[in-house]
Amino acid sequence: MTIGAEYTVRQGDGFFVNSNVMCMKQNASSGVKTIEINHIFHPVFLSGHFKSRFETKYLNPVINNRQIEVHIIRRGHSTANLILKNLYHLKELQNETDSEFQTRNILSETWNLLIKELQENPDHQNIAGT
């Protein structure tokens, strides 16, 4: 839930909440346990340094797009399935030692997939003000 929008995320789906978007989450079924796995895509971790080519070409167009507040990543679409697979892999990878490079590589690949997903399925996102 963001200011002015509410979403239903089904088991196994995912979602992207853009930078500077306030959100609140609650379980639609009271008394039912929900597990949420979060991954933070920090721009410097992905881009290497501020104002890098990676940041200006790949990250800023999404992060600075105030029209994209939330994007639901629904299972069943090829790009969405790859994103979800990567996110689960990242969760498992955090149990290993010395996994920083692998983590950054998977996050970078996932960011590229997110850009593709945003282009392929614009109907799964909340456009600010609607």
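Start by selecting the whole protein chain and showing its contacts: of those between residues at least 6 apart in sequence, 71% link residues at least 24 apart. Keep in mind that you're looking at a predicted model.

Next, switch to cartoon view and pick out the helices and strands. You should find 4 helices and 3 strands in the protein chain. Walk along from the N terminus and you'll meet them in the order β-α-α-β-α-α-β.

Now colour the chain by pLDDT. What is the mean for the protein chain? The answer is 88, with 93% of the residues at 70 or more. Select residues 78-93: that's helix α3, where confidence is highest, at a mean of 96. Then jump to residues 125-127, strand β3, where confidence is lowest, at a mean of 56. Don't read predicted coordinates in detail where pLDDT is low.

Zoom out and look at the overall dimensions. Along the principal axes, the C-alpha atoms of the protein chain fill a box of roughly 40 × 35 × 25 Å. The radius of gyration of the protein chain is 15 Å, which agrees with a compact globule, because a globule of 130 residues would have one near 14 Å.

Turn on the surface. The protein chain exposes about 8800 Å², and 53% of that comes from carbon and sulfur atoms. How much of the chain is buried? Buried residues account for 35% of the 130 residues.

Last stop: select the charges. The protein chain has 13 positive and 13 negative ones, and their mean positions lie 3 Å apart.

Note on methods:
Residues numbered from 1 in each chain as written. Predicted model: local features only at pLDDT ≥ 70, side-chain atom pairs only at ≥ 80, totals over all residues. Heavy atoms only, no water. Helix = DSSP H or I, 4+ residues; strand = E, 2+ residues; numbered from the N terminus. Rg over C-alpha atoms; globule rule 2.2 N^0.38 Å. Buried < 20%, exposed > 50% of the residue type's maximum accessible area, 1.4 Å probe, protein only. Contact = heavy atoms within 4.5 Å. Areas by Shrake-Rupley, 256 points an atom, 1.4 Å probe, with all protein chains shown as cover. Lys, Arg positive; Asp, Glu negative; His and termini not counted. Charge placed at Lys NZ, Arg CZ, Asp CG, Glu CD. pLDDT = per-residue confidence, 0-100.
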